[in-house]
Amino acid sequence: MSSEEIFPIFFGVWILLGVLSFLLFFMSKNTKLKKKLWPPFVIFAGLLFIGFGYAMGFDGEPLFIMVPMVVLISFLNIRSAKFCDSCGKTNMNQNLLSPAKFCSKCGEELL
Ligand SMILES: [Zn+2]
């Protein structure tokens with residue numbers, strides 16, 4: 001497959017993942033499920049991104065830059081999302097380097 005054929009597939013899958021993550025992590029109040037699914041979801045999205053990058057012809061140096069960047073972003077994403085045990089809200093901290101300590105909705109301490 002050429003990169004022109006792969007791109008729309010990538011785009012479609014990416015949108016689907018976005019909708020899925022919105023429904024699961026922002027609409028759902030099931031904190032237990034969200035805590036369980038968030039790390040594998042982020043890792044899966046990262047792997048998918050690298051996989052499509054590779055399929056679209058990235059290799060050598062761009063791929064070597066892309067992989068550690070995706071790993072870093074995934075790590076920060078996993079770390080910055082906190083799910084409130086009390087009200088079920090997903091707290092995504094804008095400051096990736098210091099995750100939220102308290103729920104922005106109910107003030108409960110985030111563990
Ligand atoms: Zn809360």
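Let's start in the middle of the fold, where helix H2 passes helix H3 in a right-handed crossing (the near helix is turned clockwise from the far one by less than a right angle; anticlockwise would be left-handed). Before going on, a word on the model: it is predicted, local features need pLDDT of at least 70, side-chain atom pairs count only at pLDDT 80 or more, and totals for chains, interfaces and linings use all residues. Residues are numbered from 1 along each chain as its sequence is written.

The axes of H2 and H3 are 9 Å apart and make an angle of about 165°; axes here are lines fitted to C-alpha atoms, for helices over the stretch in contact, with angles from 0 to 180 degrees between N-to-C directions. The two helices are therefore roughly antiparallel, a label for angles over 145 degrees, while under 35 counts as roughly parallel, 65 to 115 as roughly perpendicular and the rest as oblique. On the H2 side, the residues that meet H3 are Trp38, Pro39, Val42, Ile43, Gly46, Phe49, Ile50, Gly53 and Tyr54, and their partners in H3 are Leu63, Met66, Val67, Val70, Val71, Ser74, Asn77 and Ile78. This contact has 13 nonpolar, four polar and no charged residues. In this scheme Ala, Val, Leu, Ile, Met, Phe, Trp, Tyr, Cys and Pro are nonpolar, Asp, Glu, Lys and Arg are charged, and the others, Gly among them, are polar. Contact means that the C-beta atoms of two residues, placed from the backbone, lie within 7 Å.

Now turn to H1 and H2. Their axes come within 11 Å and cross at roughly 170°, so H1 and H2 are also roughly antiparallel to each other. Ile6, Phe10, Val13, Leu17, Ser21, Leu24 and Phe25 in H1 meet Lys34, Leu37, Trp38, Phe41, Ala45, Leu48, Phe52 and Ala55 in H2. By class, that makes 13 nonpolar residues, one polar and one charged. Trp38 of H2 appears in the contact with H1 and in the one with H3.

H1 itself covers residues 3-27, and its 25 residues at 1.5 Å each should span 36 Å, which agrees with the 34 Å between its end C-alpha atoms; the expected span is 1.5 Å times one less than the number of residues. The number of buried residues in H1 is zero, so this helix lies largely in the open. Buried means 20 or more other C-beta atoms within 10 Å of a residue's own, exposed means 12 or fewer, and partly exposed lies in between, with C-beta atoms placed from the backbone.

Stepping back, the chain has three helices and two strands, in the order α-α-α-β-β. These are DSSP runs numbered from the N terminus: helices are H or I, at least four residues, and strands are E, at least two. Of the 111 residues, 7% count as buried, and the C-alpha atoms fill a box of roughly 50 × 25 × 20 Å along the principal axes.

Two residues make good stopping points. Phe58 sits in the loop between H2 (31-55) and H3 (61-80) and is partly exposed, with 17 other C-beta atoms within 10 Å. Leaving aside residues up to four places away in sequence, Phe58 touches Gly53, Leu63 and Met66. Glu108 lies in the segment after strand E2 (90-92) and is partly exposed, with 14 other C-beta atoms within 10 Å. With the same sequence neighbours left out, Glu108 touches Cys84, Asp85, Ser86, Cys87, Phe102 and Cys103.
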